[in-house]
Amino acid sequence: MSKAEEIRAELGAQGLEMLMDDYYASDVPLKDLREYHGLPSNYSDDGIVALFPPMKLHEKCPVCGMSLIANHISRGVADATSGKYYTKTVRCSQCDKFLTEIERELEEERVEIALVERFSKEPNVYDWKIQSKNSREAIVFGSLLYEKSLMEHQYFAPISAEPHYTDFLDSLKSLYASSFIEPTYCFPDWRAGFELDKEGKSSFWWYKVPFSVSVTNYSEEKPNAIKTVEEQDAVALSEAECDVWLKTCVGFLVKYLYHNLEDLGYEPSEKTEAEFVELLPILLRSYSPAQIASQIWSVTAMIMKRESERYESWKKTGAYATGAVINRLKKALNESWDVSVKTSA
């Protein structure tokens, strides 16, 4: 039994009622009040208030219908009376939860019901056999079937990480507009990917939600054959495949540049980044992504090595570092550098 429980037992119901009346109705100093009612000398306002039984309120619990209760207020608060209470302590003894928690759970339940109603649409059938393969949407859909397919092509798992392909999200939105993919709540932890704002407008995060799909006549595509053209390995690509490959390489190289700038502690520059992105498709006609990445690393490594040297502060920026990379790549292109990896015989 706690000290407070012992004191309550000693005072009894009538003694507690008298203590409460004296506490709120008189101006008796706390010291005299403690002596009169036989309370410990170290009991503060909060200690005395904690002895009082919780106040029973007229309001009912919205879940179980039982009366709510709350803690009495301290007389140190302005206009304190025995009929006032701390609103933050309003709770349901039956549910063993504070009212704020109960209301939050009810609101979350209301939101979940609304989201389930709005995201219960069945996807259109995607007939793999008759759908054209020469489109970026078909390539993105096929990549998701390969990497994210669940339960025999009924669902796509959340995409999670943003792909390198720069038009990936546009392709995903196009598939959604055609109802070939539909956000779904049919998985654990689905709620994290959906939102319902105060106006009742629903939305979802493209890379956080699972999608439901309906695929028929699916068969794995055979990879394009590798051929030797002018003593180099080559793969024939359709127009869409070439576009996806090119923009995937661009996305990868931009992120690789970001990674190197981050190592330098520099912020990217929109202006020089735009120039870098514009240059990449031209470079990719002559050099592989790995060869271009090696030149990015070479330039940033050189800048990092010179960090301890004294030179103009404007050179210690993302704009300068990106400009240095662009100049190196332009020079390699104009002078037809051989940047292939040399191997010993």
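**Figure 1. Where the charges sit, on average.** Take the 39 positive and 55 negative charges of the chain, find the mean position of each group, and the two points turn out to be 4 Å apart. Keep in mind that this is a predicted model. The accessible surface of the chain adds up to about 21,900 Å². Carbon and sulfur atoms account for 51% of that surface.

**Figure 2. The whole chain, before we zoom in.** Count up the secondary structure and you get 10 helices and 14 strands. How spread out is the chain next to a compact globule? Its radius of gyration is 35 Å, while the globule rule gives 20 Å for 345 residues, so the chain is more spread out than a compact globule. The C-alpha trace spans about 105 × 65 × 40 Å along its principal axes. Of the 345 residues, 35% are buried. Now look at contacts between residues at least 6 apart in sequence: 65% of them join residues at least 24 apart.

**Figure 3. The hairpin made by β1 and β2.** Strand β1 covers residues 55–60 and strand β2 covers residues 67–70; the two run antiparallel and are joined by 3 bridges. One pair to look for is Lys60 with its bridge partner in β2, Ser67. Between the two strands of this hairpin there are 6 residues. Gly65 is in the turn, and its phi is positive, at about 85 degrees. As a reminder, strands of a sheet pair through backbone hydrogen bonds, and the pairing can be parallel or antiparallel.

**Figure 4. Ser82 and its contacts.** Move on to the loop between β2 and β3 (91–92), and you will find Ser82 there. Is Ser82 buried, partly exposed or exposed? With a relative accessible area of 37%, Ser82 is partly exposed. Setting aside neighbours within four places in sequence, Ser82 is in contact with Met20, Tyr24, Met55 and His72. Met55, by the way, belongs to the residue range of β1. Try finding Asp21 too: Ser82 and Asp21 are 61 residues apart along the chain, yet their C-alpha atoms are separated by 7.6 Å.

**Figure 5. An open sheet of 4 strands.** Reading across this sheet, the order is β6-β7-β11-β8, and the pairing is antiparallel. Which strands are at the edges? They are β6 (149–150) and β8 (182–183), each of which pairs on one side only. For β8, the partner is β11 (residues 211–212), joined to β8 by 2 bridges. To see how the two line up, find Pro183, which stands opposite Phe211 in β11.

**Figure 6. Two residues with positive phi between β6 and β7.** Stay with the sheet, but look at the loop that leads from β6 to β7 (155–156), where Met151 lies. Met151 is not a glycine, and still its phi is positive, at about 50 degrees. Glu152 is found in the loop between β6 and β7 as well. Its phi is also positive, about 55 degrees, although Glu152 is not a glycine either. At 74% relative accessibility, Glu152 counts as exposed.

**Figure 7. Ser179, tucked into a loop.** Just before β8 comes another loop to explore: Ser179 lies between α6 (168–177) and β8. Is Ser179 buried or exposed? Its relative accessible area is 7%, and anything under 20% counts as buried, so Ser179 is buried. Leave aside neighbours within four places in sequence, and Ser179 is in contact with Lys121, Pro123 and Asn124.

**Figure 8. The hairpin made by β13 and β14.** Here strand β13 (residues 226–229) pairs with strand β14 (residues 232–235) in the antiparallel sense, over 4 bridges. Val229 has its bridge partner in β14, namely Gln232. How many residues are there between the strands of this hairpin? There are 2, and Glu230 in the turn has a positive phi of about 50 degrees.

**Figure 9. Asn327 on helix α10.** For the last view, go to helix α10, which takes in residues 318–334 and includes Asn327. The relative accessible area of Asn327 is 53%, and over 50% counts as exposed, so Asn327 is exposed. Now look for Tyr126, which is 201 residues from Asn327 in sequence. From C-alpha to C-alpha, Asn327 and Tyr126 are 47 Å apart in space.

How values were computed
Residues are numbered from 1 along each chain as its sequence is written. This is a predicted model: local features need pLDDT of at least 70, side-chain atom pairs count only at pLDDT 80 or more; totals for chains, interfaces and linings use all residues. Side-chain values use heavy atoms; hydrogens and water are left out. The radius of gyration is taken over C-alpha atoms; the globule rule is 2.2 Å times the number of residues to the power 0.38. Buried means under 20% relative accessible area, exposed over 50%, partly exposed in between (1.4 Å probe, protein chains only). Contact means heavy atoms within 4.5 Å. Accessible areas come from the Shrake-Rupley method with a 1.4 Å probe; for residues, only the protein chains shown count as cover. Lys and Arg count as positive and Asp and Glu as negative; His and the chain ends are not counted. The place of a charge is taken as NZ of Lys, CZ of Arg, CG of Asp or CD of Glu. Two strands pair if DSSP finds at least two bridges between them.
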